[in-house]
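Biologist: I would like to go through this model with you and ask, for each label, what value stands behind it. Could you set the value against the cut-off each time?

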Amino acid sequence: IPAAFLLKILFTAVTLGAGFRGGEIVPALFTGCALGTFAGPMLGLPHGFAGSLGMAAVFCGVTNSPLSAMFLAYELFGGQAVALYALCCGVSFMLSGYYSLYSEQKIVYSKFRLEWIDRKAK
């Protein structure tokens, strides 16, 4: 199904909205893989490879942890395209904002400037 990632987002939202506790990471991995598999052929990439790029990028964006995403991609898919995984994770990290899936995670530096973020001063 070409729009599987949209259906996954919809069904996950309905399930969580109904009060059921679900996993956080597996839906993100599936959504990223489905989005990559859908968008990859439009960019001239094979389905499987594009799915792995999407999975790593969405995992990085959701957790705001680029090194973990890189290690996960390296462990799952090997080191042949580590530069492309790094590129996807870097872009995803820069675009993901300062909040993560986990409320305990604190990002205390700017992603764009060399300065600390002081949230208490605001």
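Modeller: Gladly, and please keep in mind throughout that this is a predicted model. Let us begin with the cysteines, since the structure holds zero disulfides.

Biologist: How do you know that Cys88 is in no disulfide?

Modeller: The nearest cysteine sulfur to that of Cys88 belongs to Cys89 and is 6.9 Å away, whereas a disulfide requires two cysteine sulfur atoms within 2.5 Å, so Cys88 is not counted as part of one.

Biologist: And what makes Cys89 free of a disulfide?

Modeller: For Cys89 the nearest cysteine sulfur is that of Cys60, at 4.7 Å, and because the limit is 2.5 Å, this pair does not qualify either.

Biologist: Why is Cys88 called partly exposed, and is Cys89 buried or exposed?

Modeller: Buried means under 20% relative accessible area and exposed means over 50%, with partly exposed in between. Cys88 has 24%, so it is partly exposed, while Cys89 has 1% and is therefore buried.

Biologist: Before we go further, what elements does the protein chain contain?

Modeller: The protein chain has five helices and zero strands, and its elements run α-α-α-α-α from the N terminus on. Of its 122 residues, 30% are buried.

Biologist: What makes you say that helix 3 is largely enclosed by the rest of the structure?

Modeller: Helix 3 spans residues 47-63 and has 17 residues, and twelve of those 17 are buried, so the helix is described as largely enclosed. Among the buried ones are Leu53, Met55, Phe59 and Cys60, and the buried residues of helix 3 pack against helix 2 (25-39), helix 4 (66-77) and helix 5 (82-95).

Biologist: How do you know that the span of helix 3 is close to what is expected?

Modeller: From its first C-alpha to its last, helix 3 reaches 24 Å, and the value expected at 1.5 Å a residue is 24 Å.

Biologist: Why are helix 2 and helix 3 called oblique to each other?

Modeller: Their axes come within 6 Å and cross at roughly 140°. An angle has to be over 145 degrees to count as roughly antiparallel, so helix 2 and helix 3 are classed as oblique. Their crossing is right-handed, and the residues that meet there include Ala28, Gly32 and Gly36 in helix 2 and Gly51, Gly54 and Met55 in helix 3.

Biologist: Why, then, is helix 1 called roughly antiparallel to helix 2?

Modeller: Helix 1 (residues 4-17) packs on helix 2 at an angle of about 155°, with the axes 8 Å apart. Because that angle lies over the limit of 145 degrees, helix 1 counts as roughly antiparallel to helix 2. Helix 1 passes helix 2 in a left-handed crossing, and the contact involves residues including Phe5 and Ile9 of helix 1 and Phe30 and Phe38 of helix 2.

Biologist: Which residues bring helix 3 and helix 5 together?

Modeller: These two helices pack at an angle of about 35°, with their axes 8 Å apart, and helix 3 passes helix 5 in a right-handed crossing. Residues including Phe49, Ala57 and Cys60 in helix 3 meet residues of helix 5, among them Tyr85, Cys89 and Ser92.

Biologist: Is Ser92 buried or exposed?

Modeller: Ser92 lies in helix 5, and its relative accessibility is 15%, which is under 20%, so Ser92 counts as buried. Leaving out residues up to four places away in sequence, Ser92 touches Ala57, Cys60 and Gly61.

Biologist: Why is Gly78 called partly exposed?

Modeller: Gly78 lies in the loop between helix 4 and helix 5, and its relative accessible area is 21%, so it falls between the limits of 20% and 50% and is partly exposed. Apart from neighbours within four places in sequence, Gly78 is in contact with Ala73 and Tyr85.

Biologist: Finally, what makes the phi of Asn64 worth a remark?

Modeller: Most residues other than glycine have a negative phi. Asn64, although it is not a glycine, has a positive phi of about 55°. Asn64 sits in the loop between helix 3 and helix 4, and with 5% relative accessibility, which is under 20%, Asn64 counts as buried.

Note on methods
Residues numbered from 1 in each chain as written. Predicted model: local features only at pLDDT ≥ 70, side-chain atom pairs only at ≥ 80, totals over all residues. Heavy atoms only, no water. Buried < 20%, exposed > 50% of the residue type's maximum accessible area, 1.4 Å probe, protein only. Helix = DSSP H or I, 4+ residues; strand = E, 2+ residues; numbered from the N terminus. Expected span 1.5 Å × (residues − 1). Contact = heavy atoms within 4.5 Å. Axes fitted to C-alpha atoms, helices over the stretch in contact; angles between N-to-C directions. Parallel < 35°, antiparallel > 145°, perpendicular 65-115°, else oblique. Left-handed = near helix turned anticlockwise from the far one by under 90°.
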